[in-house]
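Work through the following exercises on strand pairing, salt bridges and surface charge, and compare each attempt with the worked solution beneath it.

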Amino acid sequence: MARITASVYTSHVPAIGAAMDLGKTQEPYWQKVFSGYDFSRKWIKDNKPDVVFLVYNDHATAFSLDIIPTFAIGTAAEFKVADEGWGPRPVPDVQGAPELAAHIAHSVIQQDFDLTIVNKMDVDHGLTVPLSLMCGQPKEWPFKVIPFAVNVVQYPVPSGMRCFRLGQAIRKAVESFDEDLNVQIWGTGGMSHQLQGPRAGLINKEWDNRFLDRLVDDPEGLASVGHIEYVQEAGSEGIELVMWLIARGAMADVNGGKKPTMKHRFYHVPASNTAVGHMILENNQ
């Protein structure tokens, strides 16, 4: 059967992608950010998956305010890199895993989660920046990707617990797929940041690091945190962190298995007025 072997968590700041594309990664400001991913790039080469189920949020690229799906799964064979206003990033198009994606959609919907099935969409920096951080700048991405877009832009957004339970349903779906595949699940977005209003530029290091602690040691308790706390403590865009709970919910320990091994943890402030968080957890089957 297919299996989820690890989960990866990372911010997806658009300026990080621009820094890579413009060759600025070794500048003093950016070098501190990218050094936090040195371990991760070696790790992904040594632990290369067949498929990455990548949880991210669209930034008014594939979906406008006319249509806002709460959860949308990409089932296409290929996804083009979006033009977000200054041309597409110079990175490879994303190769999908349509058979596995269709199976996950069927299984998760039968577990009473309503998904929007998307057979054609472009993917923006929310998806491509995590790929670049983990894989560098290859001619093609080293694995297939299932994009999974979550609405954390326009309220109402899903609760942390809803996302956590969805992760459990995704794990069940993957394990019922009758093919020997190594699957990783990535949760992206966050950490604390606010892009507008009187609190623009807010970063809360203490809250962020408590979130990382609880993500490892108390994921279900963390899933109970309400929207108001995210907004108050982590800023209006800090709500993106609920997407990390989808990835965490898919790990073995919250489904009766062993606690995962934390292979890497990194936190840095600032990166373009945001906090950058990153973690790798390996399943212990």
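Three exercises follow, each with a solution in steps.

The model is predicted, so that local features need pLDDT of at least 70 and side-chain atom pairs count only at pLDDT 80 or more, while totals for chains, interfaces and linings use all residues. Residues are numbered from 1 along each chain as its sequence is written, and side-chain values use heavy atoms, with hydrogens and water left out.

**Exercise 1.** Determine which strands pair with strand S3 (residues 71-74), and in which sense.

*Solution.* Strands here are DSSP runs of E with at least two residues and helices are runs of H or I with at least four, both numbered from the N terminus; two strands pair if DSSP finds at least two bridges between them.
Step 1: S3 pairs with strand S7 (residues 144-150) in the antiparallel sense over three bridges, and Ile73 stands opposite Phe148 in S7.
Step 2: S3 and strand S6 (residues 116-118) run parallel and are joined by three bridges, with Ala72 opposite Thr116 in S6.
Step 3: Both faces of S3 are covered, since Phe71 and Ile73 on one side and Ala72 and Gly74 on the other are all buried, where buried means under 20% relative accessible area, exposed over 50% and partly exposed in between (1.4 Å probe, protein chains only).

**Exercise 2.** Locate the partners in the salt bridges of Arg3, Arg165 and Arg248, and state what is known of their exposure.

*Solution.* A salt bridge is a side-chain nitrogen of Lys or Arg within 4 Å of a carboxyl oxygen of Asp or Glu, and the structure holds 11 of them.
Step 1: Arg3 meets Asp180 at 2.9 Å, N to O; this pair links distant parts of the chain, with Arg3 in strand S1 (residues 3-10) and Asp180 in the loop between H6 and S8, 177 residues apart.
Step 2: Arg3 is partly exposed at 31% relative accessibility, whereas Asp180 is exposed at 60%.
Step 3: Arg165 forms a salt bridge with Glu220, the closest N and O atoms being 2.6 Å apart; because Arg165 lies in helix H6 and Glu220 in helix H8 (residues 219-223), the pair ties together parts 55 residues apart in sequence.
Step 4: Arg248 meets Asp253 at 2.8 Å, N to O, and Arg248 is buried at 0% relative accessibility.

**Exercise 3.** Place Asp178 within the fold and decide whether this residue is buried or exposed.

*Solution.*
Step 1: Asp178 is found in the loop between helix H6 (160-175) and strand S8 (182-188).
Step 2: Its relative accessible area is 77%, so Asp178 is exposed.
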